[in-house]
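This briefing goes from the whole chain to single residues. Please have the sequence and the model open side by side.

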Amino acid sequence: MSVILEKLKNNKIFKASAGYTIGNYLLRGLGFITVPIFSRLLSTADFGIYNTFMSYEGILYLCIGLALHSSIKNAKYSIGQDKLDEYTSSISIIQIIMAVIFLIVGNLIAPFLMSSLNLDRLQVCLLVILSLCTSILYLYQARLVLDYDTREYLGLSYFNALTSVVFSIVLIVCVFPNERYLGRIWGSVLPMILVSIWILYRLYTKQRPKINVNYWKFGLKISIPIIPHGIGQVILTSFDRIMITNIVGAAEAGLYSFAYTIYSIIFVAGNSLTTVFEPWAFEKLASGETKELQKRSALFIGGLAVICAGTMLVTPELVLILGSKKYLAAIPAIPPVLFGGFFAMAYSMPSIIEYYYQKTTNIAIGTAIAAGLNVVLNAVMIPRFGYVAAAYTTLASYIVYYIFHSIMAKKICGYNIVPIRVSIGAIILLSVSSYITLEFSENIFARYLLGVVIVVLVAILMWKMYRNNKKVEKQ
């Protein structure tokens, strides 16, 4: 055991994974870390308005940042490790220029935005500023990941986490007691401004920003096809909240947003591991070690399914801990949200193949199909069945999403990066867990007993797989 721990301690992948997981829980996991606080400070309507604002930000940051952060990994292999700082500094100029353009245009068409998006002029400006800060942050994160640099990553995370919570609480209680959602919005924007200023200082002291047409062409060639993909992802994860607000009401959007807050517990961990997994996978693909990549991908998917299933089974308890009784109505939406979230994260495995071979157009097409399907299904189902229907339409869209990218990845490389039997096993596990959670939501003994049975069966299955792999290796 001590030998294993020592190996893990000296393993840069393991250390980076742990660091990014902790950092992301602080930086991107504020939505669930602070839920017990903000679910009591904000009404369900305030909660819905704030999350709708953040949904707009999720779309706008892609338009301002042009998804340039997605080109960093490819730049390492095409431009060179020694020129990465120069490249990152140069393409950041594009993001700043885009923000200025959006700020000018946003103010010119502010009356239209006020009527169509329910945003006033100030909120439009805050939206553009926050989107710029987010794009700068993602660009810098992508650069840090390639060096497995957790130190600065964590420093930024700690600062943003603490200041965002403090600013939001003070602003909600002292400055905006009658419009509490504004306090939450300002509390999210101000820390990001400070973080972005620091990031630009760090980038520009390492390498003075210069306009480099070749760098810009390279980055935009890879990233522009990612923009519709990114917008499609936001539609899949957030646009349903906008539709719920407009069709049913802000209070229902608040309940649905709370269901996604439960999902964020899983998402932040899964996204952190993916952040480190992707550059490692690029290295394996470059060296031709595809068997090792397939094994690790199967473990990733299997572990993710077990975590999602376990979270489903404790849904009622999580709602009471993170929220209060007024959010119990969100329970029926949480299992399908978690189920869909599993596919949202699982897609990252086949997409690695598409990114590595620079087939980003395939990524955009797949996401557009899933997003379009989601919007159509939401428009039909939400008016008939209420906000819970959005959870099931999103689940259906993510299943299509995962299948499409799996097929595209196999066409590119000739093999399934995730074995089909692993995907089927994960679907069966999550289906059973969803049924148990919904049928026995008020019976903690039944849920926990059945949960233990599932965990034991999964452990036995994984042990058998491990033994079989060992036998194959010996042969």
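The points below cover the overall fold, the nonpolar core, aromatic pairs, three buried polar residues and one loop.

The model is predicted, so local features need pLDDT of at least 70 and side-chain atom pairs count only at pLDDT 80 or more, while totals for chains, interfaces and linings use all residues. Residues are numbered from 1 along each chain as its sequence is written, and side-chain values use heavy atoms, with hydrogens and water left out. The protein has 22 helices and zero strands. Helices (H or I, at least four residues) and strands (E, at least two) are DSSP runs, numbered from the N terminus.

**Overall fold**

- The protein has 475 residues, of which 54% count as buried; buried means under 20% relative accessible area, exposed over 50%, and partly exposed in between (1.4 Å probe, protein chains only).
- Of the contacts between residues at least 6 apart in sequence, 83% join residues at least 24 apart; a contact means heavy atoms within 4.5 Å.
- About 21,100 Å² of the protein is exposed, and carbon and sulfur atoms supply 68% of that area; the areas come from the Shrake-Rupley method with a 1.4 Å probe, and for residues only the protein chains shown count as cover.

**Nonpolar core**

- In soluble globular proteins, nonpolar side chains tend to be buried together.
- Here the largest nonpolar core has 130 residues; such a core is a set of buried Ala, Val, Leu, Ile, Met, Phe, Trp, Tyr and Cys residues joined through side-chain atoms within 4.5 Å.
- The residues with the most contacts inside this core are I91, I199, Y256, F258, I301, F342 and M349.
- Leaving out residues up to four places away in sequence, I301 touches F342, A346, M349, V418, V422 and A426.

**Aromatic pairs**

- The structure holds 11 aromatic pairs; rings of Phe, Tyr and Trp (its six-membered ring) pair if their centres lie within 6.5 Å, and planes under 30 degrees apart count as stacked, over 60 as edge-to-face and the rest as tilted.
- Y61 and Y138 form an edge-to-face pair, with 5.2 Å centre to centre and 90° between the planes.
- Y61 lies in helix α5 and Y138 in helix α9, so this pair ties together parts that are 77 residues apart in sequence.
- Both Y61 and Y138 are buried.
- F343 and Y402 form a tilted pair, with 5.7 Å centre to centre and 55° between the planes.
- The F343 and Y402 pair links distant parts of the chain, 59 residues apart: F343 is in helix α17 (residues 334-346) and Y402 in helix α20 (residues 388-413).
- F343 and Y402 are both buried.
- Ring pairs join F339, F342, F343 and Y402 into a cluster.

**Buried polar residues: S131, S89 and Y401**

- S131 is in helix α9 (residues 121-146) and counts as buried because its relative accessibility is 0%.
- A polar atom of the S131 side chain lies 2.7 Å from the backbone oxygen of L127; a polar contact is a pair of N or O atoms within 3.5 Å, where within protein one must be able to donate a hydrogen and the other to accept it, and residues adjacent in sequence count only if both atoms are side-chain atoms.
- Beyond residues up to four places away in sequence, S131 touches E57, L60, Y61 and I64.
- S89 belongs to helix α7 (residues 84-108) and is buried, at 0% relative accessibility.
- A polar atom of the S89 side chain lies 2.9 Å from the backbone oxygen of Q207.
- Neighbours within four places aside, S89 is in contact with L203, Y204, Q207, R208 and P209.
- Y401 lies in helix α20 and counts as buried, at 1% relative accessibility.
- The C-alpha atoms of Y401 and I369 are 7.7 Å apart, although the two residues are separated by 32 residues along the chain.
- Outside residues up to four places away in sequence, Y401 touches H229, Q233, L236, Y347, G366, T367 and A370.

**Loop between α5 and α6**

- Most residues other than glycine have a negative phi, and most peptide bonds are trans.
- L66, in the loop between α5 (44-65) and α6 (72-78), is not a glycine but has a positive phi of about 55°.
- A67 is found in the loop between α5 and α6 and, though not a glycine, also has a positive phi of about 55°.
- L66 counts as buried at 13% relative accessibility, and A67 is buried with a relative accessible area of 2%.
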